[in-house]
Amino acid sequence: MPFMPVKFNLQKRVKLAQGLWMIYWLSVVVGILIFSLGLFFKVELRKRSEMMDNNESHLVPNLLILVGLLAGGVSAFGGKVCHDSLDPVKFAKWKPMLKPYLLLCCGFNVLMLLTALLCFLMQFSVYLTLAEGLKNSIRFYKDTDTPGRCFMKRTLDLTQIQFRCCGNNNFRDWFEVQWISNRYLDMGNELVKDRVLSNVEGKYLMDSVPFSCCNPGSPRPCIQHHLTNNSAHYDYDHRIEELNIWSRGCREALFAYFSSMMNSIGVLILFTIMLECLDMAGLKYLATALESMEDPENPECESEGFLLEKGVKETFADLFVKMKMLRGGNEVEGGEAAEAT
């Protein structure tokens, strides 16, 4: 007995074909959107590559580009089949391709599910890459004359301004590195010399941050130097004062940006899987309804459509038997080949 049979007349078949055609072309639009988001994600990773030590993974954006292209192609083919389904002559040429097409759709849904899972699971990898990359970016901030790091200062400054963040974890990360190049330090100055000599590693450390950490929305002019020295500023206490620099670290800001993007794309792909499953079920009903017409020459006659030719248990049992026979056949062929040698 067929699984979930439904009776169809001409009007129902026409409505089903038209509805499926619209859903398929909606899937095409969603596929183009996924492709565009994959490209955008890849470009954003390239833009932030310096702050990830060039270790960022492009697996997810590459999969998104592939999934977007496949979604557009697969859905366009399904839309064409639905468009031609009510013409017996045109539908006859598509009929042999329907079973392989539905199997292809099943495999494509598995690929999309894998891509959606990677969108959620790869966020931890992005977090770790950002943590290590930003740490090194801050360390190389001063190396404007070093090949390969010439634009690190510009990149990090623009990032802190755009994402309203400061440092890796917070603004105190700048206190632990020398972020002013030695070429801009007056080594003849006693204060500078004492500060360098007082450090074990010979670094010029200070409780200051770059200008890009300043919050332009603060009513007070930016205090970026001597942040922990209350006597250096009038009416100032760094322990209770709301500093006029960004308090959020760039790792948190960038991770929030990338994770929100990946979550949105993952949800979109799950929605696409639902659309594809709906398309597959509708196309199966349409194909079986057209095949079971009592009089193919009379379009007004009734027919029956179904999802599976047999029940779920019987279908899985038949599939298991076929797989067992295929495996047995392979073993027999292997044994014959061994005897021949």
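User: Which residue's backbone oxygen lies 2.8 Å from a polar atom of the side chain of T129?
Analyst: The model is predicted; local features need pLDDT of at least 70, side-chain atom pairs count only at pLDDT 80 or more, and totals for chains, interfaces and linings use all residues. Residues are numbered from 1 along each chain as its sequence is written, and side-chain values use heavy atoms, with hydrogens and water left out. The 2.8 Å partner of the T129 side chain is the backbone oxygen of S125.

User: Where is T129 found?
Analyst: Helices here are DSSP runs (H or I, at least four residues), numbered from the N terminus. The run that holds T129 spans residues 123-139. That is helix α5.

User: Is T129 buried or exposed?
Analyst: Buried means under 20% relative accessible area, exposed over 50%, partly exposed in between (1.4 Å probe, protein chains only). T129 has 15%, so the residue is buried.

User: Which residues does T129 touch, not counting residues up to four places away in sequence?
Analyst: Contact means heavy atoms within 4.5 Å. With that sequence exclusion, the list for T129 is M51, M52, N55 and E56.

User: What is the phi of R164?
Analyst: R164 sits in the loop between α6 (152-163) and α7 (190-197). At 55% relative accessibility, R164 is exposed. R164 is not a glycine, yet its phi is positive, at about 55 degrees.

User: What is the relative accessible area of D235?
Analyst: D235 belongs to the loop between α7 and α8 (250-291). Its phi is positive, about 50 degrees, although D235 is not a glycine. D235 counts as exposed because its relative accessible area is 59%.

Technical notes. Helix = DSSP H or I, 4+ residues; strand = E, 2+ residues; numbered from the N terminus. Polar contact = N/O pair within 3.5 Å; in protein donor to acceptor, adjacent residues only side chain to side chain.
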